Amino acid sequence: MQHPHQFVESLLKVRVHYQSLHDEYEHSCIHIREQMSHVNALLIEQLNNQQFVESLMELRAYYQALYEEQQQKVAHAREQLSHVNALLADSLVLQHNGQHSVSIQSATVEREPQALAGTTDAQHQEESPPEESEPPNALNSPLSSPASQTEQLQEDEPTQLPPVKTPLLPQYANLTKLQAVEKLLHEHSGGIVDTNYIIYALHGKLEPEEIKEEKPRMYDTLKKGVEKGLWERVPHSPGCYTLDLKLLESEAKKKEAEDNKRQGRKSRYKSRDEMLPRYQNLSFTDAVEAVLRENAGQTLTTDKVAKELYGELKGYALTKAKEKIGKTLWSGASQGRWQRVPGKLGSYTLNLKLVSQR
């Protein structure tokens with residue numbers, strides 16, 4: 001067993017590590033906010049320059065996604081700091097109690113021989129033989145060492161549960177994973193979410209290896225939720241879930257009615273929900289991934305993806321579509337679903353190795 005002082009020293013080192021990460025991420029957030037303010041000011045100044053505005057919108061979406069990512073890192077570092085502080089406090093209390101117990105028991109040991117020395121033989125004869133008592137507990141024995149007492153205290157204390165392997169974001173931290181997924185699906189009632197998005201929404205940005213480890217656990221949670229009737233699988237869409245298929249059908253009919261209404265007015269522009277038919281049964285993230293897979297080996301920008309998803313879009317409809325696509329591309333690359341092209345802002349591909357082979 002690790003000595004208590006060594007354990008505390010290890011915790012202090014971990015605390016310094018997470019404090020350093022927390023400060024680094026906070027500093028990064030401040031820098032990103034400054035950049036966003038600069039881009040916002042440029043947007044206002046260049047409202048009449050459509051081409052420049054589109055580039056600024058893409059850059060703004062990039063900084064927004066980056067800011068959200070850093071905020072999640074700050075929250076994670078803060079959670080870990082709180083956990084380490086709690087462990088430190090518990091360890092210091094245990095050490096304090098152990099030392100206090102030892103000092104009291106040592107004083108008792110010193111007094112007992114003196115008391116025994118003053119006892120006369122007559123007194124010994126008058127007293128009845130003492131009843132045989134149970135062996136003293138190791139914790140209360142005056143002959144036990146400080147180290148053994150500390151170990152006994154640690155064994156008697158309730159075991160503190162370790163943090164979950166993949167911590168939930170702060171807004172879900174007081175829930176079980178099953179409850180967190182249910183809350184997320186309620187927030188997307190009438191819509192479809194896929195497994196990768198659920199992992200990202202509940203845990204924030206993870207490294208590819210962490211995502212790989214989390215997926216089996218998430219699959220198990222999603223399966224339990226379906227079995228309990230908390231949500232439903234989306235037919236013909238592997239890895240996709242919705243709160244209630246009836247709500248999904250109702251939302252689809254509502255959108256269809258709105259589409260027919262827009263077509264009746266002969267609207268000039270397509271809305272953000274009017275993806276081409278082959279993508280309409282997919283979530284937006286899955287639709288973007290489908291475009292990247294169909295164009296594997298090519299470098300894609302928000303313009304190219306928008307054209308693949310919607311066909312021809314113009315003006316404001318195109319600007320809004322590109323803003324949403326830009327956020328999705330950034331998020332998907334952070335989750336390891338596809339990759340950024342180095343040195344080309346806003347450019348992505350399914351696999352960089354395929355690009356280099358062309």
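**Entry 1. The largest cavity**

I began with the lining of the largest cavity, which by class has five nonpolar, three polar and one charged residues. The model I am reading is a predicted one. I then listed the lining by name: Glu58, Ala61, Tyr62, Thr302, Gly326, Trp330, Leu345, Gly346 and Tyr348. For the volume of this largest cavity I noted about 70 Å³. I asked which helix gives the largest share of the lining of the largest cavity. That share, three residues, comes from helix 2. Helix 11 also belongs in this entry, since helix 2 and helix 11 each supply at least two residues of the lining.

**Entry 2. The second largest cavity**

I counted how many cavities of 30 Å³ or more the structure holds, and the number is three. The second largest cavity encloses about 40 Å³ of space. I recorded Glu54, Met57, Glu58, Thr302, Thr319, Lys322 and Glu323 as its lining. By class, this lining has one nonpolar, two polar and four charged residues. Here, too, helix 2 and helix 11 each supply at least two lining residues. I marked Glu58 and Thr302, which appear in the lining of the largest cavity and again in that of the second largest.

**Entry 3. The largest nonpolar core**

I turned next to the largest nonpolar core, which has 41 residues. The residues with the most contacts inside this core are Tyr279, Val288, Val305, Leu309, Tyr310, Ile325 and Leu329. I asked which elements give two or more residues to this core. They are helix 1 (4-45), helix 2 (50-117), helix 9 (284-294), helix 10 (302-310) and helix 11 (315-334). Helix 2 provides the largest share of the core, nine residues. I also noted another core lying apart from this one, of 19 residues, among them Val181, Ala201, Leu202 and Leu206.

**Entry 4. Helix 9 and Val288**

I looked up how helix 9 is placed, and found that nine of its 11 residues are buried, so helix 9 is largely enclosed by the rest of the structure. The buried residues are Phe284, Thr285, Asp286, Ala287, Val288, Glu289, Ala290, Val291 and Leu292. I asked what covers the buried residues of helix 9. The cover includes strand 1, strand 3, helix 10, helix 11 and strand 5 (348-349). I then followed one of these buried residues, Val288. Leaving aside its neighbours within four places in sequence, Val288 is in contact with Val305, Leu309, Thr328, Leu329 and Trp338.

**Entry 5. Leu11 in helix 1**

I located Leu11 in helix 1. I asked whether Leu11 is buried or exposed. Leu11 counts as buried because its relative accessible area is 7%, and buried means under 20%. Beyond its neighbours within four places in sequence, Leu11 is in contact with Val84, Leu87, Leu88 and Ser91. I checked one of these partners further: Leu11 and Leu87 are 76 residues apart along the chain, and their C-alpha atoms are separated by 7.7 Å.

**Entry 6. The open sheet**

I closed with an open sheet of three strands, whose order is 1-3-2 and whose pairing is antiparallel. Strand 1 (193-194) and strand 2 (232-233) are the edge strands, each pairing on one side only. I asked over how many bridges strand 2 and strand 3 pair. Strand 2 and strand 3 (residues 240-242) pair in the antiparallel sense over two bridges. As a last detail I noted that Glu232 stands opposite Thr242 in strand 3.

Conventions. Residues are numbered from 1 along each chain as its sequence is written. This is a predicted model: local features need pLDDT of at least 70, side-chain atom pairs count only at pLDDT 80 or more; totals for chains, interfaces and linings use all residues. Side-chain values use heavy atoms; hydrogens and water are left out. A nonpolar core is a set of buried Ala, Val, Leu, Ile, Met, Phe, Trp, Tyr and Cys residues joined through side-chain atoms within 4.5 Å. Buried means under 20% relative accessible area, exposed over 50%, partly exposed in between (1.4 Å probe, protein chains only). Helices (H or I, at least four residues) and strands (E, at least two) are DSSP runs, numbered from the N terminus. Contact means heavy atoms within 4.5 Å. Two strands pair if DSSP finds at least two bridges between them. On a 1 Å grid over the protein atoms alone, a cavity is a set of points where a 1.4 Å probe fits but cannot get out, and a pocket is an open set with protein on both sides within 12 Å along at least five of seven lines; lining residues have an atom within 4 Å of a point. Grid points are joined across faces, edges and corners, and a volume is the space filled by probe spheres set on the points. Ala, Val, Leu, Ile, Met, Phe, Trp, Tyr, Cys and Pro count as nonpolar, Asp, Glu, Lys and Arg as charged, and the others, Gly among them, as polar.
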